[in-house]
Amino acid sequence: MSRVYNFSAGPAVIPDAVLERIRQDIPDWNSTGMSIMEVSHRSREFVEAAAKAEQDLRELLAIPDQYSVLFPQGGATLQFAMVPLNLAADGDTADYVLTGSWSKKAIEEARKFCTVNVVADSSDRKFTYVPAEDSWRRSKDAAYLHYCANETIAGVEFPFIPDSLGVPLVCDMSSTILSRPVDVTQFGVIYAGAQKNIGPAGITLVVVRKDLLKKARSITPSLLDYSVYDQSDSMSNTPPVFTWYVAGLVFEHLLSQGGLEAVARVNERKAKKLYAAIDASDFFNNPVEENCRSRMNVPFVLADPLLDAKFIVEAGMAGLTNLEGHRSVGGMRASIYNAMPEAGVDTLIQFMREFERTNG
Ligand SMILES: *Cc1c(COP(=O)(O)O)cnc(C)c1O
């Protein structure tokens with residue numbers, strides 16, 4: 001295999017071991033004589049594989065029994081609508097923390113379904129920090145509190161779990177899920193699109209506390225109703241069988257690596273050395289406040305933005321791809337999800353030093 005180091009923010013890199021397993025499985029999955037893409041979601045083999053995927057995920061995240069695990073489609077973006085449809089009655093207010101592009105989108109979508117109270121907003125400094133929790137203006141009787149644990153575009157990660165103050169805490173964990181252990185019991189709902197740390201796009205993970213099911217308003221389409229997924233094991237219609245299977249392989253792979261504590265140690269090391277390389281030089285800069293720098297998405301700019309294009313081209317020639325920053329912020333962004341090997345980060349750092357030496 002000739003593989004590049006893919007620093008894309010999503011769809012993102014998938015572990016080599018998982019790709020190899022898929023390759024082996026393609027013609028004859030699980031002795032069915034069919035590939036996984038041709039297997040019925042109602043077959044015994046797939047139902048068992050789906051149950052094992054859920055079991056492995058429960059083990060990885062230590063998800064207690066009072067939580068249900070759902071696999072809808074539509075990505076994290078559909079959750080921006082499903083959350084208010086399932087948790088807020090007509091006329092309710094929901095609290096949202098605005099810390100970047102993704103929480104902004106969540107807020108815009110929620111406004112179609114309920115009154116949104118923005119409790120804090122970090123746009124005054126271009127979304128480079130998380131406002132201190134004691135400055136938040138919470139409403140008295142919010143249906144829930146929503147935040148985005150890791151803003152993938154600006155590279156800002158919450159260094160704390162907000163105090164729910166007794167309302168369900170809802171979190172978009174699309175770009176940080178499975179990167180380290182998290183105390184699920186603090187949350188009412190956790191959701192994440194698959195294509196960062198879980199697998200290919202096409203499936204969404206929703207972990208929901210069971211007492212929050214069956215609260216969807218009556219106009220909610222059944223495929224947007226959490227309880228429909230809960231009652232049908234996420235198979236009320238045809239699920240994305242292939243994506244689900246790959247997610248299961250990724251869960252298995254993470255367990256074989258020693259679970260999320262072990263995964264987090266490697267992630268910590270990768271992020272630390274990349275930020276250290278950026279901070280050690282005036283040629284590169286990351287504008288995010290130090291206590292909330294993302295361990296998964298590391299944006300940086302060059303002192304001379306006219307060199308951006310050259311940096312991208314030469315990085316590509318060195319086998320380092322998808323380093324362009326998001327079109328809304330420019331510069332570079334290195335997404336270093338679970339499946340980015342430490343050697344990829346080392347190669348990037350070496351390339352950055354060499355680029356500075358020849359262009360600085
Ligand atoms: C990628 C991303 C989304 C959007 O995910 P889709 O699956 O494309 O809908 C939402 N929130 C965050 C934090 C993301 O990183």
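This briefing describes a ligand site, a pair of packed helices and two backbone features. The structure is a predicted model, in which local features need pLDDT of at least 70, side-chain atom pairs count only at pLDDT 80 or more, and totals for chains, interfaces and linings use all residues. Residues are numbered from 1 along each chain as its sequence is written, and side-chain values use heavy atoms, with hydrogens and water left out.

**Ligand site**

- The ligand is surrounded by 13 residues, of which T77, T152, D172, Q195 and K196 come nearest; a residue counts as near if one of its heavy atoms lies within 4 Å of the molecule.
- By class, this shell holds four nonpolar, seven polar and two charged residues. Ala, Val, Leu, Ile, Met, Phe, Trp, Tyr, Cys and Pro count as nonpolar, Asp, Glu, Lys and Arg as charged, and the others, Gly among them, as polar.
- Helix α3 (residues 75-87) gives the most to the shell, with four residues; helices (H or I, at least four residues) and strands (E, at least two) are DSSP runs numbered from the N terminus.
- Polar contacts are pairs of N or O atoms within 3.5 Å. An N or O atom in the side chain of T152 is 2.4 Å from a ligand oxygen atom, and one in the side chain of D172 is 2.7 Å from a ligand nitrogen atom.
- The protein buries 87% of the 390 Å² that the ligand exposes when taken alone, with accessible areas taken from the Shrake-Rupley method with a 1.4 Å probe.

**Helix packing**

- The axes of α7 (residues 259-279) and α9 (residues 342-359) come within 10 Å and cross at roughly 5 degrees; axes are lines fitted to C-alpha atoms over the stretch in contact, and angles run from 0 to 180 degrees between N-to-C directions.
- The two helices α7 and α9 are therefore roughly parallel, a term for angles under 35 degrees.
- Residues of α7 including V266, L274 and I278 meet residues of α9 including V345, L348 and M352, where contact means heavy atoms within 4.5 Å.

**Backbone features**

- The peptide bond from G10 to P11 is cis, with omega near -5 degrees.
- F127 has a positive phi, near 55 degrees.

Key:
Polar contact = N/O pair within 3.5 Å; in protein donor to acceptor, adjacent residues only side chain to side chain. Parallel < 35°, antiparallel > 145°, perpendicular 65-115°, else oblique.
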